[in-house]
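Colleague: I have just opened this entry and would like some help finding my way around. Could we go through a few features together?

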Amino acid sequence: MWVRLVAFGQSTVVVTVALRRRLLCCPHCGFKTASRHDTRPVKSRWRHLDLGAWRLEVRARLRRLSCPAHGVVTEGVPLARAGSHFTGDFEDLVGFLATTADKSTICRLVRIDWDTVGRIITRVMGDKLDPARLEDLFEIGVDEVSWRRHHRFLTLVSDHRKNQVVWGKEGRDTASFDSFFDELGEGRAGRIRAVSMDMMAGYAKSVRKEHHAPKAVICYDPYHVVALATKALDRVRRQHWQEMRKVDEGAARRFKGARWCLLKNPENLSDEQAATLRRLRRHGGAVWRAYGLKEALRAVFQGA
């Protein structure tokens with residue numbers, strides 16, 4: 001292979017590459033042959049890593065071959081993935097940036113649009129995704145993330161031992177998590193001992209299905225468990241406030257202001273809220289008992 005600089009403009013550097021290979025390779029299946037079908041009349045182009053402020057473009061005249069599985073296709077090249085107009089180094093950079101930066105930063109840095117970033121990520125994942133990532137799963141976690149203002153959801157599965165995400169699929173229901181176990185297989189799923197999740201019933205239902213992980217321990221997220229206790233405390237507070245309104249409107253108005261000192265963690269209270277909490281403790285009753293139960297449950301998960 002030889003390289004020749006053919007143009008140097010105000011914004012783009014163009015490099016021509018001549019590939020000296022006897023065997024032609026199918027970019028999809030790796031089939032190799034010495035016979036070519038023909039030569040493409042125009043040069044193929046790939047965007048490479050920028051040279052400072054200049055765009056670097058690589059060009060090469062490619063041949064076509066007749067593949068038994070895919071028909072007549074353009075030969076594969078080592079510098080780019082099949083069907084891509086970017087070099088492998090450029091796409092690897094974009095794939096890395098997608099794990100560390102927001103989309104506006106990526107688009108401005110590499111000067112491509114967000115749809116192109118998505119297509120690049122798909123190609124990088126297909127090429128770089130570790131096929132052994134679903135091996136040796138014993139303790140896993142499942143959760144969902146949202147985008148488009150909580151209108152679209154993605155189910156993610158992580159390996160707690162390796163602290164990394166190993167699987168994902170659009171959706172956040174039982175069927176989405178079922179797809180994970182379908183890909184995992186009965187043998188590997190049977191080795192799972194614990195699954196952490198929020199309190200969404202769909203995920204737990206999938207875990208308990210036959211041939212999934214029915215013997216695994218389901219570990220609910222402490223945040224959601226304590227949140228249930230906090231909601232129960234707020235219901236007791238509202239019920240007590242309604243009863244006070246019937247007796248003393250002024251006292252009910254003062255008690256309504258105690259909501260946040262009951263719901264916040266003690267270490268986050270302001271001086272005024274802490275004083276209100278002390279008055280509630282002296283008063284006792286159902287509200288203080290509910291608060292004590294909520295704090296006791298939170299203490300259970302304090303080290304979680």
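Colleague: Which side chain does R193 meet in a salt bridge?

Modeller: Happy to help, and please keep in mind that this is a predicted model. The general idea is that side chains of opposite charge can pair when their charged atoms come close. Here, R193 meets E139, with 3.3 Å from N to O. The pair links distant parts of the chain, as R193 sits in the loop between α5 and β13 and E139 in strand β10, 54 residues apart. R193 counts as partly exposed at 46% relative accessibility, and E139 counts as partly exposed at 21%.

Colleague: How many salt bridges does a search of the whole structure find?

Modeller: The search finds 22. One of them joins the side chains of E135 and R188, at 3.0 Å from N to O. E135 lies in the loop between α3 and β10 and R188 in helix α5, so this pair ties together parts that are 53 residues apart in sequence.

Colleague: With which residue does R298 form a salt bridge?

Modeller: R298 pairs with E267, and their closest N and O atoms are 3.5 Å apart. R298 belongs to helix α11, while E267 is in the loop between α9 and α10, 31 residues away along the chain. R298 is buried, with a relative accessible area of 15%, whereas E267 is exposed at 52%. Some salt bridges share partners, joining R81, E91, D92, R123 and D127 into one network.

Colleague: What else is R298 in contact with, leaving aside its neighbours within four places in sequence?

Modeller: Besides E267, R298 is in contact with V226, N265 and P266. Its C-alpha atom is separated by 8.8 Å from that of Y223, although the two residues are 75 apart along the chain.

Colleague: Now the helices: at what angle do α1 and α3 pack?

Modeller: Two packed helices are described by the angle between their axes and the distance between the axes. For α1 (residues 88–98) and α3 (residues 114–128), the angle is about 100° and the axes are 9 Å apart. That makes α1 roughly perpendicular to α3. Residues of α1 that meet α3 include F90, V94 and A98, and those they meet in α3 include V117, I120 and V124.

Colleague: And which residues of helix α4 are buried?

Modeller: In α4 (residues 174–184), the buried residues are T174, S176, F177, D178, F180, F181 and L184. They pack against several elements, among them strands β10, β11 and β12 and helix α6. Following α4 comes G185, whose phi is positive, near 90°.

Note on methods
Residues are numbered from 1 along each chain as its sequence is written. This is a predicted model: local features need pLDDT of at least 70, side-chain atom pairs count only at pLDDT 80 or more; totals for chains, interfaces and linings use all residues. Side-chain values use heavy atoms; hydrogens and water are left out. Axes are lines fitted to C-alpha atoms, for helices over the stretch in contact, and angles run from 0 to 180 degrees between N-to-C directions. Helices (H or I, at least four residues) and strands (E, at least two) are DSSP runs, numbered from the N terminus. Angles under 35 degrees count as roughly parallel, over 145 as roughly antiparallel, 65 to 115 as roughly perpendicular and the rest as oblique. Contact means heavy atoms within 4.5 Å. Buried means under 20% relative accessible area, exposed over 50%, partly exposed in between (1.4 Å probe, protein chains only). A salt bridge is a side-chain nitrogen of Lys or Arg within 4 Å of a carboxyl oxygen of Asp or Glu.
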